[in-house]
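Here is a protein to get to know by question and answer. Take a look at it first.

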Amino acid sequence: MKIFECKVCGHIEFDNAPEKCLVCRAKRELFGEKPEAIKQPADPANLTDGDKKHIPVIVVQKDCKMIADAPCTDVLVKVGEIEHVMQDAHYIRYIDFYLDRQFISRVWLSPDACHPAAGLHLKAASGTLIALENCNVHGNWMAQVEL
Ligand SMILES: [Fe+2]
């Protein structure tokens with residue numbers, strides 16, 4: 001899976017650079033392939049507390065009943081297994097969501113008002129969901145699940 005980063009705003013795209021950045025509208029030429037733009041635990045079998053504070057936890061629930069007469073898949077994301085702090089100097093700036101590696105939504109988080117978490121109500125009943133969070137100090141971290 002190739003990872004591309006917008007050199008203007010830092011937005012991540014998978015597989016291919018888009019014609020324009022879906023966040024800041026920068027042109028394709030301003031994307032660069034950058035696998036290291038998403039942090040990885042040094043040892044996935046032995047996660048450190050730092051890893052556990054940043055890797056998103058994804059919970060999927062079917063049929064919340066808020067959406068009338070349509071299937072709804074709720075995707076709830078929390079950062080992380082050990083809850084990340086939300087302070088002015090150190091917080092989760094946003095959580096991005098991708099379905100089948102296509103960017104579908106960003107939720108911006110205020111350190112004063114928000115817990116390090118976000119949720120979406122998806123039309124899709126299946127597919128691969130990626131949640132990618134951006135910590136203002138420690139960068140991008142991701143997790144993925146099959147819906
Ligand atoms: Fe952090």
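The questions below go from the whole fold to single residues.

This is a predicted model, in which local features need pLDDT of at least 70, side-chain atom pairs count only at pLDDT 80 or more, and totals for chains, interfaces and linings use all residues. Residues are numbered from 1 along each chain as its sequence is written, and side-chain values use heavy atoms, with hydrogens and water left out.

Q: What pattern of helices and strands does the protein follow along the sequence?
A: Helices (H or I, at least four residues) and strands (E, at least two) are DSSP runs, numbered from the N terminus. The protein has one helix and ten strands. Read in order, the pattern is β-β-β-α-β-β-β-β-β-β-β.

Q: What is the radius of gyration of the protein?
A: The radius is taken over C-alpha atoms, and the globule rule is 2.2 Å times the number of residues to the power 0.38. For 147 residues the rule gives 15 Å, and the protein comes close to that, so it is as compact as a globular protein of that length. Its radius of gyration is 15 Å.

Q: What percentage of the residues count as buried?
A: Buried means under 20% relative accessible area, exposed over 50%, and partly exposed in between (1.4 Å probe, protein chains only). Of the 147 residues, the buried part is 44%.

Q: Which side chain of opposite charge is nearest to Asp51?
A: Asp51 lies in helix H1, residues 49–52. Lys and Arg count as positive and Asp and Glu as negative; His and the chain ends are not counted. Asp51 is buried yet has no salt bridge (a side-chain nitrogen of Lys or Arg within 4 Å of a carboxyl oxygen of Asp or Glu). The nearest opposite charge, 8.5 Å away, is on Lys52.

Q: Which residue has its backbone nitrogen 3.0 Å from a polar atom of the Asp51 side chain?
A: Leaving aside neighbours within four places in sequence, Asp51 is in contact (heavy atoms within 4.5 Å) with Pro41, Ala42 and Trp141. The backbone nitrogen at 3.0 Å from its side chain belongs to Thr48.

Q: How many residues apart in sequence are Lys34 and Glu5?
A: Their side chains meet in a salt bridge (3.1 Å, N to O). Lys34 lies in the loop between E3 and H1 and Glu5 in strand E1 (residues 3–6), so the pair ties together parts that are apart in sequence. Glu5 is buried, with a relative accessible area of 16%, whereas Lys34 is partly exposed at 30%. The separation is 29 residues.

Q: Which residue meets Asp15 in a salt bridge?
A: Asp15 lies in the loop between strand E2 (12–14) and strand E3 (31–33). Asp15 has a positive phi of about 75° although it is not a glycine. The side chains of the pair meet at 2.8 Å, N to O. The partner, 86 residues apart in the loop between E6 and strand E7 (102–108), is Arg101.

Q: Where is the residue that follows Val79 across a cis peptide bond?
A: The bond runs from Val79 to Gly80, with omega near -15°. Gly80 has its place in the loop between strand E5 (73–79) and strand E6 (92–99).

Definitions and conventions: A polar contact is a pair of N or O atoms within 3.5 Å; within protein, one must be able to donate a hydrogen and the other to accept it, and residues adjacent in sequence count only if both atoms are side-chain atoms.
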